[in-house]
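The following exercises are to be worked through with the sequence and the model at hand. Each task is followed by a solution in steps.

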Amino acid sequence: MPEASPTHSTRGLRVLLVEDQRDIAANIWDFLERRGYEVDHCGDGAAGLQRAMQGRFDAIVLDLGLPRLDGLDLCKRLREAGHGVPVLMLTARDTLEDKLRGFAEGADDYMVKPFAMRELEARIRALLRARHACTVLSFGPLSYDAEQLVAFRENRRIELTRLQGLLLAALLRDAPRVTSHERLMAAAWGLSGGESGALHTQMYEIRQLVDKPFAHPLIRTVRGLGYRLLAPP
Ligand code: CA
């Protein structure tokens, strides 16, 4: 079989690998790097969660049994914080029950050890394809491309910062339901929190961009709770 070589389609794609078993981590890392991916590695769950919250990754390869915070909890917390990054879970357990729990906590795919590296990569590619199809969120006249950090409203292009993008994406995912202050702060700043003052500043700026130039505001304050998007009449 020929040596794996990088391709244009994988170059620069960022994968976070959270795996405590050094030999397995080294194998995956080597393989993916040779294929052109940028790989970041954490050896325990708590560090992995922190990295996943802070970094921009195209996919996470996540071991299930990890020190400090196991893979299921990591995945669950990531999803609770509004992160939609594709997660491929790795495990030595292969009962149906284990797999269903993995999916219930937000995993997108599941592989049982031992596995072939080529299959791992094929599954990562499949997740990336699926993700690409759903990076655009929309509600009423507003759409937002999370990949490009660009929103569109009535054909007007609106550039957002990464933080603004995370907040707007959280609102769009929940719309027309209310997104709580806590949920917004977790989406933007992760488990480390963030302050309500900083949230209000960001929301003010988002409104300047998304609502101010238009006749009808979409973003509504729900006093004491959070914010919601409401379609114009
Ligand atoms: Ca492990």
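Contact here means heavy atoms within 4.5 Å, and angles run from 0 to 180 degrees between N-to-C directions. The model is predicted. The mean pLDDT of the protein is 88, and 92% of its residues reach 70 or more. Over residues 1–8 pLDDT stays under 50, and the model has 13 contacts beyond four places in sequence for that stretch.

**Exercise 1. The parallel sheet**

Determine the strand order of the open sheet of five strands, and state which strands stand at its edges.

Solution.
- Step 1. The order is 2-1-3-4-5, and the pairing is parallel.
- Step 2. Strand 2 (38–42) and strand 5 (109–112) each have a single partner strand, so one side of each is left without a neighbour in the sheet.
- Step 3. From one strand to the next, the twist averages 20 degrees.
- Step 4. Within this arrangement, four bridges connect strand 3 (residues 59–63) and strand 4 (residues 87–91) in the parallel sense; Ile60 has Val87 of strand 4 as its bridge partner.
- Step 5. Helix 3 (residues 71–80) lies across strand 1 (14–18), strand 3 and strand 4, and runs at about 170 degrees to strand 4.

**Exercise 2. The calcium ion**

Identify the residues that coordinate the calcium ion, and explain why Asp20 and Gly65 tie together separate parts of the chain.

Solution.
- Step 1. Asp20 (OD), Asp63 (OD) and Gly65 (O) coordinate the ion at 2.1 to 2.3 Å.
- Step 2. Along the chain, these donors follow the spacing D-x42-D-x1-G.
- Step 3. Asp20 belongs to the loop between strand 1 and helix 1 (22–34), whereas Gly65 belongs to the loop between strand 3 and helix 3; the pair therefore ties together parts that are 45 residues apart in sequence.
- Step 4. Partly exposed residues fall between 20% and 50% relative accessible area. Asp20, at 34% relative accessibility, counts as partly exposed, and Gly65 does so at 39%.

**Exercise 3. Two loop residues**

Decide whether Ala81 is buried or exposed, and state which residues it touches.

Solution.
- Step 1. Ala81 lies in the loop between helix 3 and strand 4.
- Step 2. Buried means under 20% relative accessible area; Ala81 has 3% and is therefore buried.
- Step 3. Not counting residues up to four places away in sequence, Ala81 touches Met53, Ala186 and Ala187.
- Step 4. For comparison, Thr95 lies in the loop between strand 4 and helix 4 (96–104). Thr95 has a relative accessible area of 41% and is partly exposed.
- Step 5. The C-alpha atoms of Thr95 and Val112 are separated by 9.8 Å, the two residues being 17 residues apart along the chain.

**Exercise 4. The nonpolar cores**

Find the residues that touch the most other members of the largest nonpolar core, and state which element supplies its largest share.

Solution.
- Step 1. The core has 28 residues, of which Tyr144, Leu168, Leu172, Val210 and Leu229 touch the most other members.
- Step 2. At least two residues each come from strand 6 (136–139), strand 7 (142–145), helix 6 (162–174), helix 7 (181–189), helix 8 (196–210) and strand 12 (226–229).
- Step 3. Helix 6 supplies the largest share, six residues.
- Step 4. Leaving aside neighbours within four places in sequence, Leu168 is in contact with Leu142, Tyr144, Ala151, Leu160, Ile206 and Val210.
- Step 5. Another core, of 23 residues, lies apart from this one; among its members are Leu16, Phe57, Leu72 and Tyr110.

**Exercise 5. Antiparallel strands**

Describe the open sheet of three strands and the hairpin of strand 11 and strand 12.

Solution.
- Step 1. The order of the strands is 10-12-11, with antiparallel pairing.
- Step 2. Strand 10 (179–180) and strand 11 are at the edges with a single partner strand each, so one side of each is left without a neighbour in the sheet.
- Step 3. Two bridges pair strand 10 with strand 12; Ser180 has Gly226 of strand 12 as its bridge partner.
- Step 4. Helix 8 packs on the sheet, where it touches strand 11 and strand 12, and its direction makes about 150 degrees with that of strand 11.
- Step 5. Strand 11 (residues 219–222) and strand 12 are joined by four bridges, and Arg220 stands opposite Arg228.
- Step 6. Three residues lie between the strands of this hairpin, in which Gly224 takes a positive phi near 80 degrees.

Notes:
Residues are numbered from 1 along each chain as its sequence is written. This is a predicted model: local features need pLDDT of at least 70, side-chain atom pairs count only at pLDDT 80 or more; totals for chains, interfaces and linings use all residues. Side-chain values use heavy atoms; hydrogens and water are left out. Two strands pair if DSSP finds at least two bridges between them. Donors are N, O and S atoms within 2.8 Å of the metal (3.2 Å for Na, K and Ca); water is not among the atoms, so sites may look incomplete. Buried means under 20% relative accessible area, exposed over 50%, partly exposed in between (1.4 Å probe, protein chains only). A nonpolar core is a set of buried Ala, Val, Leu, Ile, Met, Phe, Trp, Tyr and Cys residues joined through side-chain atoms within 4.5 Å. pLDDT is the predictor's confidence in each residue, from 0 to 100.
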